[in-house]
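I wanted to look up how the copies of a chain sit against each other and what their contact is made of. These are my entries.

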Protein chains: 2
Amino acid sequence: VDLAIKDTTLITFKDEGPSVIKNGAVGVEMDKICFVGKTEDLDEENYTKIIDGSDHVTMPGLIDAHIHSGLSLLRGTAQDVPEIEWMDKALGPIVKHLEKSDFITGSKLGILEGLRSGTTTFGEFTSDLDETIEKVHKPFGTRVVGAETINEIVDKKGDIYELESSDEQFQKADDLFDRYAQSDLIDITYGPQALDMVTLETLRKIKHEADEYDRCIHMHVAQGGRERKQIKSRYGCSTVEKLKEEEILQDNLLAAHCHDTTDQEKKTIVESETNMVGCPSSIATIDGIVPPIHRFLSLGGNACLGTDQIPGNGAHNIFREMRTISLLSKCLDGDPTALPAWKCLKIATKNGAKALGLKDKIGSLEEGKKADLITVDLKNTNLSPSVQRPFRNIIPNLVYSSTGMEVDNVFINGRKVLRDGKFISIDEERIKKEAEERAKKVLSEAEESWRRSDSKMVEYERDDLL
Amino acid sequence: VDLAIKDTTLITFKDEGPSVIKNGAVGVEMDKICFVGKTEDLDEENYTKIIDGSDHVTMPGLIDAHIHSGLSLLRGTAQDVPEIEWMDKALGPIVKHLEKSDFITGSKLGILEGLRSGTTTFGEFTSDLDETIEKVHKPFGTRVVGAETINEIVDKKGDIYELESSDEQFQKADDLFDRYAQSDLIDITYGPQALDMVTLETLRKIKHEADEYDRCIHMHVAQGGRERKQIKSRYGCSTVEKLKEEEILQDNLLAAHCHDTTDQEKKTIVESETNMVGCPSSIATIDGIVPPIHRFLSLGGNACLGTDQIPGNGAHNIFREMRTISLLSKCLDGDPTALPAWKCLKIATKNGAKALGLKDKIGSLEEGKKADLITVDLKNTNLSPSVQRPFRNIIPNLVYSSTGMEVDNVFINGRKVLRDGKFISIDEERIKKEAEERAKKVLSEAEESWRRSDSKMVEYERDDLL
């Protein structure tokens, strides 16, 4: 047997709570976890390599269930602007100038940042998904649940977007299921962009196929006023009502954002067993809105965390998201008991696994599950001191004190990706160099259209505030 | 002349905005800044040592204007509990078991964390301030503006705290002004704990002395319901009304928290030129409240940032506080333009300096000011890519993307404290070891009274959720 980590504080999440094992050990055979228990029960002779896990937490890898990693070249280029401007005036004029290869370079940078801070699974949502998988996730060895974007808008100018059903897009997405059927690290979901951006015809086809072949759907749901207006005009009801009518709301759906929903609609979503992913830093920064993760959990639903995209969020770091959603929820409710630390850790692991349709494979440390795990250095100043008696302060510290940089080892599918805080086979410096060169080029090419947009970002620049 | 950093992106804050100088240079002679400008105008031959500042931001050291560093042994021991429980039931039973030396060990750990993340000035609020100064701030070489706590509660049992004017406490605090009068790095302010915790007699004495000798007062103001009730019973009005009546509200006052204030009271505070310090992570975690920093700024007041104490906040890291207050303010107002990045950076530097009575000494990079400055590595993955044209993404990235660990050099009063992310003369490992040993001991001794308190923390522990 390959590898064991011993004498460590294991956070397993095998049951409802964190199910911590003190002086714990975890054994890995090939891609799977073969032992979870006390160190004293570990049969050390069976293992080729034993890692000393003392002064470390060993826990499931974090799950970023909603990420558009390809935009990472544009860090810091669109924030502090009115919500209405963010996409069309601030980000849009720059995105137009990204070449296909820039999305790949961006994705490398973004996934690098996620891995460094302990994320092992990415719910990637992008066009040209196969490119991102082949050029980023496969070489990096990350676990990915990818959605190929289906967006059928042909004209955005009118009051209501003009849509046209695209068999080509559907087919491109559909083909990926077969292509990656045998892959252990890659799963595919359907990715209809949002109810206002796809035809009912396509949506129904997706639903039919998903039900038929037991596939998941990942979709932006109830993102705000513009969508609401579109859906009201087109269908005379709300997004959630229409999705319910079409029977899209069910346990194979991962609904992103969901902030433009009434209490009743949240209940409807939860009762349908639809999974919800919220992106705290992104939505707080772009919309000034607290993602309703806490509401969905209170209603008994499954909710988890995502980082969306770097422009707006600023980072792909799930440790940050745990703390951010806890503080935002506490302030929204005026209730400091809202989203306690252990729940934040759970939504970032076990809940994420369920949301991505991988609850039997990952999300907790259990024998037979995939060996996606991370260690966190409790001796790091940011997490000191750590105590076990009369109570453990470790989980609160992971959530409220960690920056993510305390992660020192990352294993995915039994393979080590990060050792002592350093990447083993990813050339970090080269990726950063390439990202910087391309970002400079893209922004320089975008200058004219960016200035013409006259967004609040342009105003900041003019006023010398950037 | 001693030292210059050249070819760097200087964020100077010499005027209203960040006043960035591209390809900038800063020269340091002894404890002072002797040159700020373009690298091409730097007379390199005059300097003994020239540091290459390319791919770095060089900016004023951050200012943590309100910190109780002594409680840092208790990281992760009190959070996710109802506000009413936090001090008395969750934290109190443990604090009781801290020995005097534990506050010093805790302070070392807390200040270490602040320094590592770029904080150069600390608005320390503590009992036995001289011990903290002599054993922590002096050996560490930090700039400190210290308030010796004056708390005159003799009995907390009744509906209204019983107070007794303490000449001893006043004298102890008062003596520190003379003791540190000649120190360049140490300033003293008065530290009446709060209006409900000191007698009017003492408060008037403090005001008289402060006015007479041009000294500052640092005080918790309008912290919440319990204070409001006390003040209403005792004086028949609110804290702000009483402080106004006593003419305590003026530009030499630094008022901490101020969240339990009406709009009119905020206006009153601002009009009096009182300075406000908010502690976003602390107050969000402990109270579920957004500190009204944004409100005070909107009214034209001076507001800045603090980290309060580690239990609750989780860290002493002003980079975190910048991002946290921006996101919280955006969500409170539903306005993504609230507290844009440059303003967050300003409240963490220039505003903090003014609030602590040091506006002529620190807070911006200007010739003649003290050389308190930090460099931040823009090549760090978390901050990549960084661009300068057609606009800079650097300030947004410092606020929304940095973890604080990207700070690599820290200078205070012209002396280097951190080099390439490592402390030069502080034994970090030893401090952590001592902190861990003592934390274990204190918590073990506190176990019985902690359990008896039956706080929500005890419930979490019983339910195996910690």
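The entries below go from the symmetry to the make-up of the contact.

I noted first that this is a predicted model, in which local features need pLDDT of at least 70 and side-chain atom pairs count only at pLDDT 80 or more, while totals for chains, interfaces and linings use all residues. Residues are numbered from 1 along each chain as its sequence is written, chains are lettered from A in the order in which they are written, and side-chain values use heavy atoms, with hydrogens and water left out.

I laid chain A on chain B and found an RMSD of 0.0 Å after a turn of 180° and a shift of 0.0 Å along the axis (least squares on the C-alpha atoms of residues with pLDDT of at least 70 in both). The two copies are thus related as by a two-fold rotation axis.

I then looked up the contact (heavy atoms within 4.5 Å), which takes 80 residues from chain A and 80 residues from chain B. Because 100% of the interface residues of chain A are also interface residues in chain B, the copies meet through the same surface.

For the buried area (accessible area, 1.4 Å probe, lost on being put together and summed over both parts) I noted about 6,500 Å², of which carbon and sulfur atoms give 60%. On the side of chain A, A:Pro390, A:Phe391 and A:Leu466 lose the most area to chain B, together 11% of what that side buries.

I counted six salt bridges between the chains (a side-chain nitrogen of Lys or Arg within 4 Å of a carboxyl oxygen of Asp or Glu), and I looked up the salt bridge between the side chains of B:Lys330 and A:Asp80, at 2.7 Å from N to O.

Terms used
Buried area is the accessible area (1.4 Å probe) that two parts lose on being put together, summed over both.
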